[in-house]
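Me: I want to go through this model label by label. For each term, give me the cut-off, then the value.

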Amino acid sequence: QVQLVESGGGMVQTGGSLRLSCAASGTIFRPNTMGWYRQAPGKQRDLVATITRLGNTNYADSVKGRFTVSRDNAKNTVYLQMNSLLPEDTAVYYCTANVRANWNEGANDYWGQGTQVTVSS
């Protein structure tokens, strides 16, 4: 059973920083693409940033230059460093990973439980 466990959410003031972490467990395989999405109240879940196994990254325009996604392949962990946070960054942040659970299955997308990030003005 693949599980993604997130940590690092919280409340900060405008201009502050937070670092999210997400560790994938329950598989012997290294995840392909890992990343972060977010969902604000009453809105759809949107891409924040992704990173491939080789380190190629993709960012939403709204976070470019402020957020940095990285990963530690040895730990099956993805990080999101968030700087210069704005009130509009307030949302539940979800980790995702595309990974094989076992030799009998192809890769599937898995999601974490979400972690709340609140930025006060």
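Me: What stands opposite Met11 in β11?

Reply: Thr118 stands opposite Met11. Strand β2 (residues 10–13) and β11 are joined by four bridges and run parallel. The model is predicted: local features need pLDDT of at least 70, side-chain atom pairs count only at pLDDT 80 or more, and totals for chains, interfaces and linings use all residues. Residues are numbered from 1 along each chain as its sequence is written, and side-chain values use heavy atoms, with hydrogens and water left out.

Me: What makes β2 and β11 a pair?

Reply: Two strands pair if DSSP finds at least two bridges between them. Here four bridges join β2 to β11, so the pair meets the criterion of at least two. The strands themselves are DSSP runs (E, at least two residues; helices are H or I, at least four), numbered from the N terminus.

Me: How do you know that β9 pairs with β11?

Reply: Three bridges join strand β9 (residues 91–100) to β11, and the two run antiparallel. Tyr93 has Thr115 of β11 as its bridge partner.

Me: Which side chains of β11 are called buried, and which are not?

Reply: Buried means under 20% relative accessible area, exposed over 50%, and partly exposed in between (1.4 Å probe, protein chains only). In β11 (residues 115–120), Thr115, Val117 and Val119 point to one face and are buried. Gln116, Thr118 and Ser120 point to the other face and are not buried. In a regular strand the side chains alternate between the two faces of the sheet.

Me: Why is Arg66 called buried?

Reply: Its relative accessible area is 14%, and the limit is under 20%, so Arg66 counts as buried. Arg66 is found in the loop between β6 (57–59) and β7.

Me: What makes the reach from Arg66 to Ser62 a polar contact?

Reply: A polar contact is a pair of N or O atoms within 3.5 Å; within protein, one must be able to donate a hydrogen and the other to accept it, and residues adjacent in sequence count only if both atoms are side-chain atoms. The side chain of Arg66 reaches the backbone oxygen of Ser62 at 2.9 Å. That value is within 3.5 Å, so the distance fits.

Me: Why is Tyr37 called partly exposed?

Reply: Tyr37 has a relative accessible area of 24%. That falls between the two limits, so the label is partly exposed. Tyr37 is found in strand β4 (residues 34–39). Tyr37 and Gly114 are 77 residues apart in sequence, and 9.3 Å apart in space, C-alpha to C-alpha.

Me: How do you know that β4 pairs with β5?

Reply: β4 and strand β5 (residues 46–51) pair in the antiparallel sense over five bridges. Met34 has Ile51 of β5 as its bridge partner. The two strands form a hairpin with six residues between them, and Gly42 in the turn has a positive phi of about 75°.

Me: How many bridges link β5 and β6?

Reply: Three, in the antiparallel sense. Ala49 has Tyr59 of β6 as its bridge partner. This hairpin has five residues between the strands, and Gly55 takes a positive phi near 95°.

Me: Why are β1 and β7 called edges?

Reply: Four strands form an open sheet in the order β1-β3-β8-β7, with antiparallel pairing. β1 (3–7) and β7 (67–72) each have a single partner strand, so one side of each is left without a neighbour in the sheet.
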